[in-house]
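This briefing covers nonpolar residues, at the surface and in the interior. It begins with the surface.

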Amino acid sequence: MTAIDPDTLSADARRARLFTRINKADAWFKVFGLAWMTPILKAASGDNPKAQASEIWRLLGVPLLAILLFLGAWSALAPTVQTSLGAIPGPSQVWEQAVGLHEDAVRERAKEDAFYDRQDKRNADLIAEGRMDDVKERVYTGKPTYYAQIWTSIKTVFFGFLIASFIAIPLGIMAGLSPTANAAINPLIQIFKPVSPLAWLPIVTMIVSAVYATNDGMFSKSFLVSAITVTLCSLWPTLINTALGVSSIDKDLVSVSKVLKMSTYAKITKLVLPSALPLIFTGLRLSLGVGWMVLIAAEMLAQNPGLGKFVWDEFQNGSSQSLAKIMVAVFTIGIIGFLLDRVMYALQSMFTFSENR
C-alpha cells in the first residue's frame, strides 16, 4: 500500500483553489476588457506555461503590435498630408497637446482655488468688521478646463440616456406583451429611428427656447437641447430590443402566469423582466453608444460646453495647434465610448448573474 504525502495533497488542493479563483475572475476580466490577465495568472501558477504564452500573445501581444503598427504608419504618413492648418500632427505632437491640456487644467484649477481663498478671506474680514450686508458669494467664471468639458459631456449623455431608457423600456414592454400596442408603436419606430440628430436639433432648440424661457434654472438651455437630442436619437435600440426580448418569452411561462392568475405587475417583475433582461441590456448598450456619438454633433451646434464645443472651437480657432487638440479630443471620445460600453456590460453581467443564481 502506497502512502500519500499530506504535503502533496495540501499543495494540490491549494493549486486547485487558485485555479478556481482565476477561472471565476476570468469572467470579470472579460467584462472589463482584461481577458489577457487570465493566461498571465495561469502561467504564473504553473498551468502549462507554453500554452498560456500562446494565449498571452493572442490576447495581448497581437493588439499591442497592431497599435504599434498603427502609430508607426501614422508617424510616417502624417507629415505627407498638408492641410489649411499645416501638416497632420503625428503621435508625438498629439501627445504634447494632451500634456498641454492637462497642464492648462492644473493651472486653471489653481486659479480657481486662489479665487475662492481670496473670497473666503474677504468675507471673513467683512464678517469680523460687522459688515454682513457686504458679504458676497461669487462663482468663478474662468474658462472651462478640458476635464470640465469631458465631465459636461458625460453628464449630458447620461441625462439624455436615462430619459430615453425611462421612455423606451415601458414602451418596449407594452409592445412585446400586446400585439395591438406593437402595431401602434412600430410605425413610429420605423419613421423616427433613421432621423439624424442634425434634423432634430433645430426643432428641439426652438421648443426648449419657447418652453424654458430662463437660462438661470437648474439646467442651461444648451444642456437641455443636447440632452433631449440624445434622448430622441438613442431610445430606439432599447425600445426595439426590449420589445423583442419580451415577445420572445417562452409561451409556457405565459400560460403558467395565466393559470396562477398573476397580476400585471407581478407578471412583469417576476416573469417578463428576468427573461428579457439580456436583450434589454443589449439595447441599453447600443443606446448609450448611439447617444455618445450623437452628443458630439449636438454639442457642436447647441454650443453646450462639452467635448463637441471644444472640437468646434478649436476648428474655428485655426491655430497651428488646433488640429492636434482636435485629435486629442477624438481619442478621448473613443476611449470614453469604450469605457461607457464596459460599464454597461459590467452592469449587465451583475444583473444577469444575480438573476441566474
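In this predicted model, Phe 70 has a relative accessibility of 46% and therefore counts as partly exposed, since that class lies between the 20% and 50% cut-offs. Phe 70 sits in helix α3. It also belongs to a nonpolar surface patch of about 850 Å².

**Surface patch**
- Besides Phe 70, the patch is made by Leu 64, Ile 67, Leu 68, Leu 71, Phe 331, Ile 335, Phe 338 and Leu 339.
- Two elements, α3 (49–77) and α12 (322–356), give two or more residues to the patch.
- The most is given by α3, with five residues.

**Largest nonpolar core**
- The largest nonpolar core has 45 residues.
- Tyr 146, Trp 292, Leu 307 and Ile 336 have the most contacts inside this core.
- At least two core residues come from each of α4 (91–128), α5 (146–177), α7 (197–211), α8 (221–247), α10 (264–302), α11 (307–317) and α12.
- With 13 residues, α10 gives the most to this core.

**Surroundings of Trp 292**
- Neighbours within four places in sequence aside, Trp 292 is in contact with Ser 153, Ile 154 and Val 157, and with Leu 307.
- The other residues in contact with Trp 292 are Ile 333, Ile 336, Gly 337 and Leu 340.

**Second core**
- Another core, of nine residues, lies apart from the largest one.
- Its members include Ala 168, Ile 189, Trp 236 and Leu 239.

Key:
Residues numbered from 1 in each chain as written. Predicted model: local features only at pLDDT ≥ 70, side-chain atom pairs only at ≥ 80, totals over all residues. Heavy atoms only, no water. Patch = residues over 30% accessible without salt bridge, like charges linked within 9 Å, V, L, I, M, F, W, Y side chains within 5 Å. Areas by Shrake-Rupley, 256 points an atom, 1.4 Å probe, with all protein chains shown as cover. Salt bridge = Lys/Arg side-chain N within 4 Å of Asp/Glu carboxyl O. Helix = DSSP H or I, 4+ residues; strand = E, 2+ residues; numbered from the N terminus. Buried < 20%, exposed > 50% of the residue type's maximum accessible area, 1.4 Å probe, protein only. Core = buried A, V, L, I, M, F, W, Y, C linked by side-chain atoms within 4.5 Å. Contact = heavy atoms within 4.5 Å.
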